[in-house]
Structures are given as structure tokens and as C-alpha cells.
Amino acid sequence: MQHTMFVCTTCASVWENGKLVGVSGGKKLLQQLQELYQHWELQEEFAIAPVECMSACNRSCVICFTAESKYTYLFGDLSPDLSVSAIADVLECASKYYTHQQGLLPWAERPELLKKGILAKIPPVSISYAS
Ligand code: FES
């Protein structure tokens, strides 16, 4: 099953006179994640994909974990200048998401920066609901 981490590349953009100034915070975050990702054991199973806006712009920077038949998580309030250990924490949390059959990430098992910035936890489409 393919897993994907979406990273918003338009988060924390600075605009002047209708023009983008410099590199957006989201692109900086993506670059940081991609650097550690090169050495991550789950590269084959877990893609990092840039996207333009996930409609949580006032909580930038924003990332998302998703996979078919699993919960989808949206996280915000991430700094575009995370430390290497914080980036490693994001990948470690993604590993937990990968390992859990439904992708559940209980609060206590998430790193600090993904505890308080959670914006959405969306159930899998395939979940069975009691009526
Ligand atoms: S610009 Fe990143 S969520 Fe909208």
C-alpha cells in the first residue's frame, strides 16, 4: 500500500506587489524533509509529495499523512526552520503511521511538534460504521 506525506509548498509565502519574495516556508520545510528522507528506510513505501495549499493557510506550515484504508492526518503550525532532530521526529512519526494497520497516531505516541499542531484526523473511506 502506497503511503504519502503531502507537504504544502505555498505555506508561509511572502508576497510583495503581486510577486513571491524569496523561498516560501513550505518549500524550505520540504527541502529539509527531503534531505533526511534520502536516508530513510521507508522511501519505497512512503512518498513525499509537494502540494499547493491544503486550505489550512493560517496554520502554516502544513503537512499530511495519508494512505488508502488508513486515517488521514493533517498537521499545522510547523516551523519552516525545524531542527534536524525535529525533522527526524516527523519521519519517526510517519514510520509509526506506516506500521499501524489503520494509521492511528495516539497523542502520547506523537512527537511534541505533532501533538499540538494537529488540524484533522479523517477516518478511512473503507471504515465500517455501525448504524
Ligand atoms: S498555503 Fe499551505 S495550506 Fe494553504
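1. Start with strand 5 (63-67) and strand 6 (72-75) of this predicted model. Strand 5 and strand 6 pair in the antiparallel sense, with 3 bridges holding the pairing. To find your place, look for Ile 63, which stands opposite Phe 75 in strand 6. The two strands make a hairpin, and 4 residues lie between them. In that turn, check Ser 69: its phi is positive, about 70°.

2. Now step across to the other partner of strand 6. Strand 6 and strand 7 also run antiparallel to one another, this time over 4 bridges. A handy pair to click on is Leu 74 with its bridge partner Ala 120, which sits in strand 7.

3. With those pairs in hand, the whole sheet is easier to read. It is an open sheet of 5 strands in the order 4-1-5-6-7, and the pairing is mixed. Which strands are at the edges? They are strand 4 and strand 7 (118-122), each of which pairs on one side only. From one strand to the next, the twist averages 15°. As a general reminder, strands of a sheet pair through backbone hydrogen bonds, and they can do so in a parallel or an antiparallel way.

4. The parallel part deserves its own look. Strand 1 (residues 3-8) and strand 4 run parallel and are joined by 6 bridges. Val 7 is a good marker here, with Pro 50 in strand 4 as its bridge partner. Helix 1 packs on the sheet in this region, touching strand 1 and strand 4. The direction of helix 1 makes about 145° with that of strand 1.

5. Helix 1 (residues 25-37) has a helical partner too: it packs with helix 2 (residues 84-99), at an angle of about 70° and with the axes 10 Å apart. That angle is why helix 1 can be called roughly perpendicular to helix 2. The crossing of the two is right-handed.

6. What does the helix contact consist of? From helix 1 come Gln 32, Leu 33, Leu 36 and Tyr 37, and they meet Ile 87, Ala 88, Val 90 and Leu 91 of helix 2. Sorted by class, the contact has 7 nonpolar residues, 1 polar residue and no charged ones.

7. Next, the loop between strand 4 (46-51) and strand 5, where I'd slow down and check the backbone. Cys 61 is located in this loop, and the peptide bond leading to Cys 61 from Ser 60 is cis, with omega near -5°. Cys 53 lies in the loop between strand 4 and strand 5 as well. Cys 53 is not a glycine, yet its phi is positive, at about 75°. Is Cys 53 buried, exposed or partly exposed? It is partly exposed, because 14 other C-beta atoms lie within 10 Å, and a residue needs 20 or more to count as buried and 12 or fewer to count as exposed.

8. One more backbone point, in the loop between strand 6 and helix 2: that is where you will find Asp 77. Asp 77 has a positive phi of about 65°, again without being a glycine. Asp 77 has 16 C-beta neighbours inside 10 Å, so it counts as partly exposed.

Methods
Residues numbered from 1 in each chain as written. Predicted model: local features only at pLDDT ≥ 70, side-chain atom pairs only at ≥ 80, totals over all residues. Axes fitted to C-alpha atoms, helices over the stretch in contact; angles between N-to-C directions. Parallel < 35°, antiparallel > 145°, perpendicular 65-115°, else oblique. Left-handed = near helix turned anticlockwise from the far one by under 90°. Contact = placed C-beta atoms within 7 Å. Nonpolar A, V, L, I, M, F, W, Y, C, P; charged D, E, K, R; others polar. Pairing = 2+ DSSP bridges.
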